[in-house]
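The following note sets out points for a colleague examining this entry. Please read the points alongside the sequence and coordinates.

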Amino acid sequence: MSITTNGAIHRRVGASTVPLHAAARRHPGATAYVHADDAVTYGELFTLVRRRAAEVRRRHGASPSVPLALRAEPSVDTLADLLGVLSAGHIALILDESWPQAARAAVVASHGAVPLGSTSTDESSGMVTHAMWWDEAHWGPDEHGGGAPTPLDWWRAAVVVGSAGAGGARTHEELHLAAVDLARRAGLRPGAAFDLPASTATLTGLVSLVAGLAAGATVYGCRESR
């Protein structure tokens, strides 16, 4: 899909979950991400991200207004939150979990961001939770309106990453091109084990994550996970 702006043709793509969609279609039963005893397959992760994206849109609106702040903890829940925010069309302000709470709060305030918060609610208790919905059909319709990844402008800001207080905005185009280049240079392929070299609160870690998932590799949240 493409659009024309000032006479130039620009490609429109889905959010950063588009590579995940393709990988999940090819091998839904393959392991996508591992950290300690926490693991998820590509099919499960895609289903979960669709749900999270729908909930983000319901809670924070269909169009991004301010960045949504979330911590870069190595877990399936946090991974799904990050991909869900991107798929919903919002900007993710990624905070390193090692930063002091005061530093995280200062970064959130400096970017005018709001906390993402938990995006799931248990219907029976009304309690906010991170339900995983493992029993969902991988490709069935989402009754909560998740649907396919939201089409986003290729050049739209996607994330804010970097050191505390000095984070820089990166677009979907920048992330995609850097991830494709890394996957090519690293020889990433489906089923290959791939350790994240840094926190996803850094550009290196985030690009590595996208590269690993786009290639269908098994991404390890830290070297001690394997």
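**Notes on helix packing and salt bridges**

1. Helix H3 (residues 76-88) packs with helix H6 (residues 203-214) at an angle of about 90°, their axes being 13 Å apart. H3 is therefore roughly perpendicular to H6. This arrangement, like everything below, is taken from a predicted model. On the H3 side the contact is made by Leu79, Leu82 and Leu83, which meet Leu206, Leu209 and Leu213 of H6. By residue class, the contact of H3 with H6 comprises six nonpolar residues, no polar and no charged ones.

2. H6 also packs with H5, here at an angle of about 70° and with the axes 8 Å apart. With angles of 65 to 115 degrees counted as roughly perpendicular, H5 too is described as roughly perpendicular to H6. From H5, the residues Leu175, Ala178, Ala179, Leu182 and Ala183 take part. Their counterparts in H6 are Leu203, Leu206, Val207, Ser208, Val210 and Ala211. The contact of H5 with H6 divides into ten nonpolar residues, one polar and no charged. Leu206 deserves a remark, since this residue is listed in the contact of H6 with H3 and also in the contact of H6 with H5.

3. Within H6, attention may be drawn to Gly205. Is Gly205 buried or exposed? Its relative accessibility is 0%, and Gly205 therefore counts as buried. Leaving aside residues up to four places away in sequence, Gly205 touches Leu196, Ala198, Ser199 and Thr200. The C-alpha atoms of Gly205 and Ala72 are separated by 10.0 Å, although the two residues are 133 positions apart along the chain.

4. Helix H4 (residues 101-110) has three buried residues to consider, namely Arg104, Val107 and Val108. Viewed down the axis of H4, these buried residues fall within an arc of 100°, so they line one face of the helix. Which elements does this side pack against? The buried residues of H4 pack against strand E5 (68-71) and strand E6 (92-95). On the face turned away from the buried side, H4 carries the exposed residues Ala102, Ala109 and Ser110. Just after H4, Gly112 adopts a positive phi of about 65°.

5. The count of salt bridges comes to five. One of them joins Arg52 to Asp77, with the closest N and O atoms 2.9 Å apart. This pair links distant parts of the chain, as Arg52 belongs to helix H2 (residues 42-60) and Asp77 to helix H3, 25 residues apart. What is the relative accessible area of Arg52? The value for Arg52 is 0%, so the residue is buried.

6. Arg52 meets a further partner, Asp81, in a salt bridge with an N to O distance of 2.9 Å. Asp81 lies in helix H3 and Arg52 in helix H2, so this pair ties together parts that are 29 residues apart in sequence. Both Asp81 and Arg52 are buried.

7. A salt bridge within a single helix is formed by Asp181 and Arg184, whose closest N and O atoms are 2.7 Å apart. Because Asp181 and Arg184 are three residues apart in helix H5 (residues 172-186), about one helical turn separates them. Asp181 is partly exposed, with a relative accessible area of 29%, whereas Arg184 is exposed at 59%. By contrast, a network exists elsewhere: salt bridges that share partners join Arg52, Asp77 and Asp81.

8. For the overall setting, the protein contains six helices and twelve strands. Of its 226 residues, 47% count as buried. Among contacts in the protein with a separation of 6 or more, residues 24 or more positions apart account for 69%.

Methods
Residues are numbered from 1 along each chain as its sequence is written. This is a predicted model: local features need pLDDT of at least 70, side-chain atom pairs count only at pLDDT 80 or more; totals for chains, interfaces and linings use all residues. Side-chain values use heavy atoms; hydrogens and water are left out. Axes are lines fitted to C-alpha atoms, for helices over the stretch in contact, and angles run from 0 to 180 degrees between N-to-C directions. Helices (H or I, at least four residues) and strands (E, at least two) are DSSP runs, numbered from the N terminus. Angles under 35 degrees count as roughly parallel, over 145 as roughly antiparallel, 65 to 115 as roughly perpendicular and the rest as oblique. Contact means heavy atoms within 4.5 Å. Ala, Val, Leu, Ile, Met, Phe, Trp, Tyr, Cys and Pro count as nonpolar, Asp, Glu, Lys and Arg as charged, and the others, Gly among them, as polar. Buried means under 20% relative accessible area, exposed over 50%, partly exposed in between (1.4 Å probe, protein chains only). The arc is that of the directions from the helix axis to the C-beta atoms. A salt bridge is a side-chain nitrogen of Lys or Arg within 4 Å of a carboxyl oxygen of Asp or Glu.
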